[in-house]
Amino acid sequence: MRTFFFYDLETSGFGARHDRIMQFAGQRTNDELELIGQSVNLLVKLTDDILPSPGAVLTTHITPQMTVADGISEADFCRYFLEQVATPDTTILGYNSTRFDDEFIRHTLWRNFHDPYQWAWAEGRDRWDLLDVTRLVRALRPEGINWPTKRVAETDQLITTVNLVDMAKCNGFENDNAHDALADVKALISLARLLRQSQPTMWRYLLNHHDKHSILNIITPGQPKPFVYASGRYSSSYQKTTVATVIAEGRTPNSYLVWDLRYDPVDFTSLSEAEILGNLTADRATRRQDDFVPIPIKELSINKCPAVAPLGVLDAASETRISLSRAEAMGHYHQLNSQAGLVKRLTRAWCKRPAFPPASDVEGKLYDSFTPKSDQAKIRLVAAADSTGLADLHPNFTDERLDELLFRYKARQYPTSLSESEEERWRKFRRAKLERELPAYLSELSKLASSPAADQFILEELQLWAESIAPVDY
């Protein structure tokens with residue numbers, strides 16, 4: 001039987017490469033969205049080399065001391081997640097989870113010697129993200145749901161929002177404890193029930209068309225056709241939704257470059273490849289200028305559950321909501337098909353954009369390469385070993401990343417497994433890391449302390465945490 005597992009995280013910051021999960025909450029349901037079993041609410045211990053973002057802790061009110069007192073280790077969390085959450089035939093879903101929460105899960109598994117990918121696809125498992133689903137429902141079939149609004153200060157424009165807290169308040173399932181993972185999970189299940197009840201046909205369609213094979217059938221990259229597409233990258237003025245079409249393969253596997261058919265490609269035909277590249281790589285100040293017109297292309301990743309639908313679902317009312325008619329989109333589509341030179345220049349320029357700088361630290365090198373098959377059995381041995389077993393385990397890894405990861409894994413999760421030389425190495429590592437990070441951390445605490453709105457108790461706890469883990473003579 002297929003089940004859903006709704007989950008949410010609270011973390012020590014925004015970067016999955018170096019920040020940590022501090023709270024994990026979830027709830028399993030059946031495909032009718034009826035609860036199965038008890039909810040899950042776990043704290044995960046921060047280790048003594050981690051300085052959380054003060055801003056993040058002020059938001060969540062989860063202090064490092066709380067995780068140490070009541071949390072489980074990261075290694076134990078990974079085992080729990082794989083054994084109790086990522087069970088066969090489970091759809092694991094959240095709200096903005098493909099861009100945020102799933103990244104933290106992958107990097108946490110990677111640091112703790114578990115496969116970072118299989119939880120999302122093997123044994124009938126998959127993942128889904130309801131954020132863009134909600135946006136697409138709002139744009140195409142909003143009836144039966146109350147849509148909250150907010151005013152944009154810069155433009156004084158009133159726009160609709162799909163913020164989970166606002167959706168909860170507007171539709172009668174209060175989320176009074178926002179930024180608590182379990183409260184957000186409960187609100188998300190209520191939102192899913194609302195979507196399913198109000199728009200059952202669209203709910204069923206999007207549920208059945210969120211995997212990459214179904215997505216390919218909609219976007220048809222071999223013979224590109226227009227399709228409806230909701231994404232946070234599109235403007236709130238148009239319900240974050242447009243009509244797009246594939247123009248080329250993207251730079252990464254399972255990704256495609258798409259053109260926003262809201263825009264007439266003829267307006268861009270005079271641009272050279274160099275001008276296109278300059279537009280794509282413009283800095284924030286340039287982009288904020290009144291006369292800057294961004295080139296309307298973006299990358300769509302089919303393995304990140306994009307919310308897409310065939311063009312036929314765009315009825316007259318939907319055209320009005322997104323301020324784009326099928327006729328206009330089709331006109332731009334035909335124009336694009338006649339602009340082979342523009343498409344080639346766009347593709348070449350896109351591929352010339354500077355790549356993200358490579359991670360300098362091994363914990364951020366997850367995506368550098370897959371681990372070789374020759375290391376898989378050794379990785380499983382590490383994950384299965386206790387402190388005594390780790391002390392005597394000396395795998396000869398092929399992947400050069402894994403030796404350093406193993407040292408840090410032992411030091412953080414099983415410190416009694418370290419030899420004397422490893423203990424000294426860990427002391428030096430911690431000292432160097434904390435000496436790099438403490439000045440900025442303490443400076444941020446000092447700035448926040450001057451704000452009357454800041455929770456002074458939280459700031460004091462963060463100061464005490466820094467003092468408790470800082471080098472003795474710092």
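Guide: A residue counts as buried if its relative accessible area is under 20%, and as exposed if that area is over 50%. The model discussed here is predicted.

Visitor: Why is Asp375 called buried?

Guide: Asp375 has a relative accessible area of 0%. The cut-off for buried is under 20%, so Asp375 is buried.

Visitor: Where is Asp375 found, and which residues is Asp375 in contact with, leaving aside its neighbours within four places in sequence?

Guide: Asp375 is found in the loop between H14 and H15. With neighbours within four places in sequence set aside, its contacts are Asn396, Phe397, Thr398, Asp399 and Leu402.

Visitor: Is Ala384 buried or exposed, and how do you know?

Guide: The relative accessible area of Ala384 is 67%. Exposed means over 50%, so Ala384 is exposed. Ala384 is found in helix H15, residues 376–384. Its C-alpha is 9.4 Å from that of Arg79, and these two residues are 305 apart in sequence.

Visitor: What makes E9 largely enclosed by the rest of the structure?

Guide: Of the nine residues of E9, eight are buried, so the strand is largely enclosed by the rest of the structure.

Visitor: Which sheet contains E9, and which strands stand at its edges?

Guide: E9 belongs to an open sheet of five strands in the order E11-E10-E9-E8-E12, with antiparallel pairing. Strand E11 (297–301) and strand E12 (307–310) stand at the edges, because each has a single partner strand; one side of each is therefore left without a neighbour in the sheet. From one strand to the next, the twist averages 45°. Helix H9 (residues 212–219) packs on this sheet and touches strand E8 (227–230), E9, E10, E11 and E12, with a direction at about 45° to that of E12.

Visitor: How do you know that E9 and E10 pair?

Guide: A pair of strands needs at least two bridges. Strand E9 (residues 241–249) and strand E10 (residues 255–260) are joined by five bridges and run antiparallel, so by that criterion they pair. Val246 has Val258 in E10 as its bridge partner, and Glu249 has Tyr256 in E10. The hairpin of E9 and E10 has five residues between the strands, and Asn254 takes a positive phi near 65° there.

Visitor: How many bridges support the pairing of E8 and E9?

Guide: E8 and E9 pair in the antiparallel sense over four bridges. Ala230 has Thr241 in E9 as its bridge partner.

Visitor: Why are H10 and H14 called oblique to each other?

Guide: The axes of helix H10 (residues 273–280) and helix H14 (residues 340–352) cross at roughly 50° and come within 9 Å. Angles under 35 degrees count as roughly parallel and 65 to 115 as roughly perpendicular, over 145 is roughly antiparallel, and the rest are oblique. H10 and H14 are therefore oblique to each other. H10 passes H14 in a right-handed crossing. The contact is made by Glu273, Ile276, Leu277 and Leu280 of H10 with Leu342, Arg345, Leu346, Arg348, Ala349, Trp350 and Lys352 of H14. By class, seven of the residues in the contact of H10 with H14 are nonpolar, four are charged and none is polar.

Visitor: At what angle do H3 and H4 pack, and which residues make the contact?

Guide: Helix H3 (residues 74–85) and helix H4 (residues 97–111) pack at about 120°, with their axes 10 Å apart. H3 passes H4 in a left-handed crossing. The contact is made by Glu74, Phe77, Cys78, Phe81 and Leu82 of H3 and by Ile105, Thr108, Leu109 and Arg111 of H4. Six of these residues are nonpolar, one is polar and two are charged.

Visitor: What makes E3 and E5 edge strands?

Guide: E3 and E5 belong to an open sheet of five strands, ordered E3-E2-E1-E4-E5, with mixed pairing. Strand E3 (35–43) and strand E5 (126–129) each have a single partner strand, so one side of each is left without a neighbour in the sheet. Neighbouring strands of this sheet are turned by 20° against each other on average, direction ignored.

Visitor: How many bridges join E1 to E2?

Guide: Strand E1 (residues 3–11) and strand E2 (residues 21–30) run antiparallel and are joined by nine bridges. Phe5 stands opposite Arg28 in E2.

Terms used. Residues numbered from 1 in each chain as written. Predicted model: local features only at pLDDT ≥ 70, side-chain atom pairs only at ≥ 80, totals over all residues. Heavy atoms only, no water. Axes fitted to C-alpha atoms, helices over the stretch in contact; angles between N-to-C directions. Helix = DSSP H or I, 4+ residues; strand = E, 2+ residues; numbered from the N terminus. Left-handed = near helix turned anticlockwise from the far one by under 90°. Contact = heavy atoms within 4.5 Å. Nonpolar A, V, L, I, M, F, W, Y, C, P; charged D, E, K, R; others polar. Buried < 20%, exposed > 50% of the residue type's maximum accessible area, 1.4 Å probe, protein only.
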